[in-house]
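Q: Got a minute to walk through this one with me? I'd like to start with the overall picture and then poke at some details.

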Amino acid sequence: MFCCISCKNNNERNLVNQQMANDKKSVIDQKVDSLLSLMTLEEKIGQMNQYNGFMDFTGPVPNEEDIERKFEHIKKGYVGSILNVRGVEEIRAVQKIAVEQSRLGIPLIFGFDVIHGYQTMSPIPLAEAASWDLKAIKESARLAAKEAAAAGINWTFAPMVDISRDARWGRVMEGAGEDPYLGSKIATARVKGFQGDDLSDKESIIACAKHFAAYGFPESGREYNNADLGTSTLYNVVLPPFQAANSAGVRTFMNSFNQLNGIPATANSFLLRDILKEKWSFDGFVVSDWGSVAELIPHGYARDASIASKLAVNAGTDMDMESYFYLNELVKLVNDDQVNTSTINDAVRRILKVKFELGLFDNPYKYCDKNLEKKIIGSTEIASGALDMALKSVVLLKNENQTLPLKKKGQKVLLVGALASDKDSPLGNWRAAAIENSAVSILEGMQQYDENLIYSKGPELILGKTEFAKEVQINTQDRFGMKEAIQAAKDVDVVVMVLGEHGLQSGEGRSRSRLDLPGLQQELLEKVFKVNRNIVLVLNNGRPLAIPWAKKNIPAIVEAWQLGSQSGNAVAQVLYGDYNPSGKLPMTFPRSIGQVPIYYNHKSTGRPNLPSADFVFWSHYQDESNEPLWAFGHGLSYSKFEYTDLKVVNNYSTNGIVKVELTLTNNSNRKGKEVVQLYLKDKFSKVVRPVKELKGFQLIELAPNTSIQVKFELADRELGFYDNEGKWFIEQGDFEVYVGGSSSTDLSRSFKLLN
Ligand code: GLC
């Protein structure tokens, strides 16, 4: 950015930079317009067509002869983007066809699902969200972009910013959990990490806010199922992270597969035009999800390809991923005046603008540097970034009798569980270009601390080989190894058991109707417990699990998600105390599947409490508590934090700032980090508000036996909400502010907001 030495202050410098950015933008707009004027209708529509590449796939597989046809279309300028081709040589070869053989030589843009790493896997996004460390999350995205860019990728289909409250849905692993405030902060961090400060930079790739919108609310948690939700939830829960991504400058959005109030998102002009392109002034482009233009037919929304194409493009979907409909149908639709040329021009302008911003016209081979590929991919810089992120993502759920940390000497430790030695599962679902079985296993991580570590695998979790697009076969019969593990547990000091889900049991197409430990794992856990109660349970999972027996009986439980390539090193450093865990849950863990969806920021209802003993007419279950197993925001530390002196400091008005202060004390001999969370309750409002809403958090590191005063300022942005017309609304009245290390805190103060 331009740094004017004579500038008197930041403001002047910012003004100059803004002016420069505007000038650059208008230069690009002029280039786009002049190129557009040279293009035939077919070439314009070609820019709106995205093909899956010639290697692997992430959706329904194209048939063989399609591949030949795709090369032909690139030569004719009928392709704007390719996904799933990667590697400098491969991308250079395909780019060469577009640039040198098509009439106008418009470069392709190459997309790929760099969701949590490219070849070096960072933790799954839900795990990264558990760190609440926005700086680390941004850095993790930056490193993923750096590695992907070195492999020729210009565009990642990330961040996924879908809020979800339903752990049955497999894609909760891909998002930031259940809260829109945390989700918005993380969306911003990820967009800025991927896109950097300057898109023309070699390490920047464009990001994609997905899936727009409400994909995280599938009925019954079943993948691709319908999403029917109220206006207030749409405006206050679903949309804010997308708005945050837009404010962060994200250059693309992706449709969601679901319908919203009867209109599929791919053809939903309320979402794409009214909200995204008009109200939010989004000036990038919208890509469909895989084949979602074609899916308007099975949705029962379009009778045929022509109608589907017309509905989608008129609603604001600019690029068609792998349904071929735009390429086959739009020319005729324009010639028959069913679709305006201005609609096509607007879509193509958006696409070309992003390509100019990326610098692809200046140098179509900008991302095709063989030396960089060798130097960056799999480098120690990326690996240590993945380890740092993994350490920060671990959540200590329970730790009774100081079971943890493990002693480095003089403790006989047994490690149990198929997942403990699994080098593939920790790579998670969206393993992109990861090398198979490349993760550091927990067994390998712990062996670095204890050369006498005993390992007894127990029964297999998975039968046969796993594949990205195939069902995972869970072992429910073969108990081979169970007896040995139980026997081995008899005469050791502590048993570390790694149980949970395989990395391919969550992700797209991976909904579960149960949230227990799959297969024979619960049986293994209870049988080992019978012979040795001193168990440390390490969870590997891509979603919240309902494991009430474990919470009741097991003294120490660590949430270790799928932590990516450095999984084993991170888990071992936490277990042996070299890293003091600071993670906090970004999603509520249920006691039972029957409670789902369960989330902390719920509404009160008209009968929230039991009025008198055994009276049944209040909001509850006969056979289950209303309380979660572990609350949103929960996470322990090897330190001990206390909250005192909470006060609301100032007199306040709706245009002012509400100041909140408290004292945080580390009452232990260990330095540690705590995520101090602030929740708000607008007690009486014209649209009912949740019982609590996260409105601030600070990640604070405190030396042993020290205290610090923590301050929060609440402004309109925090005090208001969207009313059912989508307008931001602040109302005077009674508020409650809560502060603590979890959403279950009851440390609160009341205050009034006055006009
Ligand atoms: C998939 C996913 C989407 C992904 C796209 C390309 O179906 O829904 O998130 O980016 O296809 O792989």
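A: Sure. One term before we start: a residue is buried when its relative accessible area is under 20%. By that cut-off, helix α8 is mostly covered, with 14 of its 17 residues buried. Keep in mind that this is a predicted model.

Q: What does α8 do at L239, and which proline follows within four residues?
A: The helix covers residues 231-247 and bends by about 55° at L239; the proline is P240.

Q: And what follows α8?
A: That's G249, which has a positive phi near 95°.

Q: OK, zooming out. How many helices and strands are there in the protein?
A: There are 20 helices and 27 strands. The radius of gyration is 26 Å and the globule rule gives 27 Å for 755 residues, so the protein is as compact as a globular protein of that length.

Q: What sort of box do the C-alpha atoms fill?
A: Roughly 75 × 65 × 60 Å, along the principal axes.

Q: How much of the protein counts as buried?
A: 61% of the 755 residues. As for the surface, about 29200 Å² is exposed, and carbon and sulfur atoms supply 50% of that.

Q: What share of the contacts with a separation of 6 or more comes from residues 24 or more positions apart?
A: 78% of them.

Q: Can you give me a residue to look at for that?
A: Try M121, in the loop between β3 (109-112) and α5 (125-129). Its C-alpha atom is 9.3 Å from that of S438, 317 residues away along the chain.

Q: Is M121 buried or exposed?
A: Buried, because its relative accessibility is 0%. Beyond its neighbours within four places in sequence, M121 has contacts that include H116, A386, L427, W430 and R431, as well as L563, G564 and S565.

Q: And N328, where does that sit?
A: In helix α11, which is residues 325-335. N328 counts as partly exposed, at 45% relative accessibility. The C-alpha atoms of N328 and I45 are separated by 9.4 Å, with their positions 283 residues apart along the chain.

Q: Switching to aromatics. How many aromatic pairs does the count come to?
A: 28 aromatic pairs. One of them is F112 with Y118, which is edge-to-face, at 5.8 Å centre to centre and 65° between the planes. Both F112 and Y118 are buried.

Q: What about F735 and F751, what kind of pair is that?
A: Stacked, with 5.4 Å centre to centre and 15° between the planes. F735 is in strand β26 (residues 733-740) and F751 is in strand β27 (residues 748-753), so the pair ties together parts that are 16 residues apart in sequence. F735 and F751 are both buried too.

Q: Which residues form the aromatic cluster?
A: W132, Y181, Y600, F632, Y679 and F697 make up one cluster.

Q: Which charged residues lie over a ring face?
A: R165 lies over the face of Y599, 3.7 Å from the ring centre. K686 does this with F729, at 3.9 Å from the ring centre.

Q: Now the backbone. Where are there cis peptide bonds?
A: The bond from L404 to P405 is cis, with omega near 0°. The one from V596 to P597 is also cis, with omega near 5°. P405 is in the loop between β11 (395-399) and β12 (413-416), while P597 is in the loop between α19 (567-575) and β19 (641-648).

Q: Why flag those, or a positive phi for that matter?
A: Because most peptide bonds are trans, and most residues other than glycine have a negative phi.

Q: So which residues other than glycine have a positive phi?
A: D337 is one of them, with a phi of about 60°, and Q402 is another, with phi near 50°.

Q: Where is D337, and is it buried or exposed?
A: D337 is in the loop between α11 and α12 (341-358). At 65% relative accessibility, D337 counts as exposed.

Q: And Q402?
A: Q402 is in the loop between β11 and β12, where P405 is also found. Q402 counts as exposed, at 69% relative accessibility.

How values were computed:
Residues are numbered from 1 along each chain as its sequence is written. This is a predicted model: local features need pLDDT of at least 70, side-chain atom pairs count only at pLDDT 80 or more; totals for chains, interfaces and linings use all residues. Side-chain values use heavy atoms; hydrogens and water are left out. Rings of Phe, Tyr and Trp (its six-membered ring) pair if their centres lie within 6.5 Å; planes under 30 degrees apart count as stacked, over 60 as edge-to-face and the rest as tilted. Buried means under 20% relative accessible area, exposed over 50%, partly exposed in between (1.4 Å probe, protein chains only). Helices (H or I, at least four residues) and strands (E, at least two) are DSSP runs, numbered from the N terminus. A charge sits over a ring if NZ of Lys or CZ of Arg is within 6 Å of the ring centre and within 35 degrees of the ring normal. The bend at a residue is the angle between axes fitted to the seven residues ending there and the seven starting there. The radius of gyration is taken over C-alpha atoms; the globule rule is 2.2 Å times the number of residues to the power 0.38. Contact means heavy atoms within 4.5 Å. Accessible areas come from the Shrake-Rupley method with a 1.4 Å probe; for residues, only the protein chains shown count as cover.
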